[in-house]
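Grab a pencil and work through these exercises with the structure open beside you. Try each task yourself before you read its solution.

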Amino acid sequence: DFQTWSGLPVAEARAGYEAIAPELLEVQVDGTPMWLPKDRADWLDQPRDTQPVVKILGAFDTYLLGYRTRDLDVSPALMKRVHPGGGIIRPTILIDGHAVAIWTRKRSGRKMSITVSPFEKLSNEAHAAVDAEVQDVGRYLGVEASWSVGQDLWTRE
């Protein structure tokens, strides 16, 4: 991914990795090797928060850009909803790093409404976290923000 993203020739990308490899610790994430700085290894021992981590990403957010595959973030079955082609990456909602919905917004004066199109049923905790994120986006933009569901897939468990 780094080589593809950077545009460097393979030999130069490999040399760059080899130069920093002694500083990295390999870990497995869903069966895929990944690396983190050795001086951050204590992160692996920290307890995970039991509440879902929800993030609202804008279109073309860098979290979803620059990777050969996005399988860790967006299931292949949902890829066309997030990345329909033609260089488009839609605004997305993530829960614990995984895409669970796309969204659109309409703004009128000091009000903004967000329409969420979820891919799956989500918990009450996720619902509350999406609400908090929408309110935070509104706070940041200085508008009154609200949201609704654009499909009937959104049900509370």
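**Exercise 1. Find which residue of β5 stands opposite I95, and describe how β4 and β5 pair.**

Step 1: Look across from I95 and you land on H98 in β5. Before going on, note that this is a predicted model, where local features need pLDDT of at least 70 and side-chain atom pairs count only at pLDDT 80 or more, while totals for chains, interfaces and linings use all residues. Residues are numbered from 1 along each chain as its sequence is written, and side-chain values use heavy atoms, with hydrogens and water left out.

Step 2: Check the direction: β4 and β5 run antiparallel and are joined by four bridges. Strands here are DSSP runs (E, at least two residues), helices are runs of H or I with at least four, and both are numbered from the N terminus. Two strands count as paired if DSSP finds at least two bridges between them.

Step 3: Now the turn. This hairpin has two residues between its strands, and D96 takes a positive phi near 50°.

**Exercise 2. Work out the strand order of the open sheet and where α4 lies.**

Step 1: Five strands line up as β3-β4-β5-β6-β7, with mixed pairing. The edges are β3 and β7, since each pairs on one side only.

Step 2: Follow the neighbours. β5 and β6 are antiparallel over eight bridges, whereas β6 and β7 run parallel, with six bridges. For one partner in that parallel pair, take S113, which is bridged to S146 in β7.

Step 3: Add the angles. From one strand to the next, the twist averages 30°. Helix α4 lies across β3, β4, β5, β6 and β7, at about 145° to β7. Axes are lines fitted to C-alpha atoms (for helices, over the stretch in contact), with angles from 0 to 180 degrees between N-to-C directions; contact means heavy atoms within 4.5 Å.

**Exercise 3. Find the residues that touch the most other members of the largest nonpolar core.**

Step 1: Get the rule straight. A nonpolar core is a set of buried Ala, Val, Leu, Ile, Met, Phe, Trp, Tyr and Cys residues joined through side-chain atoms within 4.5 Å. Buried means under 20% relative accessible area, exposed over 50%, and partly exposed in between (1.4 Å probe, protein chains only).

Step 2: The largest core has 18 residues, and I93, I114, V116 and V134 touch the most other members. Its largest share, four residues, comes from α4.

Step 3: Another core, of ten residues, lies apart from it, and L57 and V74 are among its members.

**Exercise 4. Classify the aromatic pair of Y17 and W35.**

Step 1: Rings of Phe, Tyr and Trp (its six-membered ring) pair if their centres lie within 6.5 Å; planes under 30 degrees apart are stacked, over 60 edge-to-face, and the rest tilted. That rule gives one aromatic pair.

Step 2: The centres of Y17 and W35 are 5.9 Å apart and the planes sit at 70°, so the pair is edge-to-face.

Step 3: Place the two residues. Y17 is in helix α2 and W35 in strand β2, so the pair ties together parts 18 residues apart in sequence. Y17 is partly exposed at 36%, and W35 is partly exposed at 42%.
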